[in-house]
Amino acid sequence: MRLLLGGDQRQTAADVLNQLKLDEPVTVEPMRAFPPIRDLVSDVSWNFRVKTTIAPFAPRTPDAPDGTWRMQQHDIDRVQEFRKCIECFLCQDVCHVIRDHQLTNGFIGPRFLTFAAALEMHPLDTGDRIPALRHEHGIGYCNITKCCTKVCPEEIKITDNAIIPLKERTVDRFYDPVTRLLRMITG
Ligand code: SF4
Ligand code: SF4
C-alpha cells in the first residue's frame, strides 16, 4: 500500500505511520469534490457514469495468420503506465475544475482523461475520441496545474504522459491548418 505524504513524496503506509507526530492532531477527511454519504464515505458514482461516456476499445482486425495481433513493445510500454490506475479518484478530488468549479457536466476529470489516453494510444485501437474530448469531455478546461499528478498513489504522470499528448492531438485536429486541410482531402 502506498500513501501520499506531503508534496509528491510517496511512502509506504508503515513509513507514514512511523513518522506521525503523536503529539499533534491527525486529520482524516472524506473526499470533498463528491457528495458526502456518511463519515469518511463520499458518493463517487458520478465517476462510473462518466466512464460509460467514453468510446470503448475498438481493436483493428487481427493481422497475424493465427488470428492474433502483433504489437511493438514500446507501444505497449507507453499505455501500460495508465493501466496501473486503481480508481481511487484522488486525482478527481483535487482537480479544481471538479472540486471548486463543480464542472461535472462538461469535464471528465484527470482519471478519465487518462483512461481516454490509454485507449487513444493503444496500438490496436481504431477509435477516435478526439472530437468528444474537445466538445463533450472538456479537455480545454484543464490548465495543467498538475495537482492530479502529485496525489496519484500509483505515480502515473497524468498531466505529462496523458493529458498533454491528448491536448496536442486536439490542437492538431482542430486548429492546425495543414492537418485540417489534409483531413478534408483524405476524409
Ligand atoms: S492538471 Fe488539469 S486535470 Fe490535473 S488537476 Fe490540474 S486542471 Fe485538473
Ligand atoms: S489518482 Fe491515480 S490511481 Fe487514483 S484514480 Fe487518479 S490516476 Fe487512478
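The exercises below work through a predicted model of a protein with two ligands, each with a solution in steps.

Because this is a predicted model, local features need pLDDT of at least 70 and side-chain atom pairs count only at pLDDT 80 or more, while totals for chains, interfaces and linings use all residues. Residues are numbered from 1 along each chain as its sequence is written, chains are lettered from A and ligands numbered from 1 in the order in which they are written, and side-chain values use heavy atoms, with hydrogens and water left out.

**Exercise 1. The overall fold**

Task: State how many helices and strands the protein has, and in what order the elements run.

Solution: Begin with the count, which gives ten helices and four strands, where helices (H or I, at least four residues) and strands (E, at least two) are DSSP runs numbered from the N terminus. Next, follow the chain from the N terminus, where the order reads β-β-α-β-β-α-α-α-α-α-α-α-α-α. Finally, consider the extent: along the principal axes, the C-alpha atoms fill a box of roughly 70 × 40 × 30 Å. Of the 187 residues, 34% are buried, a term that stands for under 20% relative accessible area, with exposed meaning over 50% and partly exposed in between (1.4 Å probe, protein chains only).

**Exercise 2. The two ligand shells**

Task: Determine which residues surround ligand 1 and ligand 2, and how each shell divides by residue type.

Solution: First collect the residues near each ligand, that is, those with a heavy atom within 4 Å of it. Around ligand 1 these include Cys95, His96, Cys142, Lys146, Cys147 and Cys148. The elements that give two or more residues to this shell are α8 (147–151) and α9 (158–175). Then sort by type, counting Ala, Val, Leu, Ile, Met, Phe, Trp, Tyr, Cys and Pro as nonpolar, Asp, Glu, Lys and Arg as charged, and the others, Gly among them, as polar. The shell of ligand 1 holds seven nonpolar, four polar and one charged residue. For ligand 2, the surrounding residues include Cys85, Cys88, Cys91 and Cys152, together with Glu87 and Arg111, and the division here is nine nonpolar, no polar and two charged.

**Exercise 3. The surroundings of Asp93**

Task: Locate Asp93, decide whether it is buried or exposed, and identify what its side chain contacts.

Solution: Asp93 lies in helix α4 (residues 90–94), and its relative accessible area of 8% is why it counts as buried. Its side chain reaches the backbone nitrogen of Ala33 at 2.8 Å. A second polar contact, of 3.1 Å, links the side chains of Asp93 and Arg99; such a contact is a pair of N or O atoms within 3.5 Å, of which, within protein, one must be able to donate a hydrogen and the other to accept it, and residues adjacent in sequence count only if both atoms are side-chain atoms. Arg99 and Asp93 also form a salt bridge, defined as a side-chain nitrogen of Lys or Arg within 4 Å of a carboxyl oxygen of Asp or Glu. At 30% relative accessible area, Arg99 is partly exposed.

**Exercise 4. Other salt bridges**

Task: Find how many salt bridges the whole structure contains, and describe the pairs of Arg60 and Arg129.

Solution: The search finds eleven salt bridges. Arg60 pairs with Asp63, their closest N and O atoms being 2.5 Å apart; Arg60 is partly exposed at 27%, and Asp63 is partly exposed at 43%. Arg129 meets Glu120 at 2.9 Å, N to O, and both of these residues are buried. Salt bridges that share partners also join Lys51, Glu87 and Arg111 into one network.
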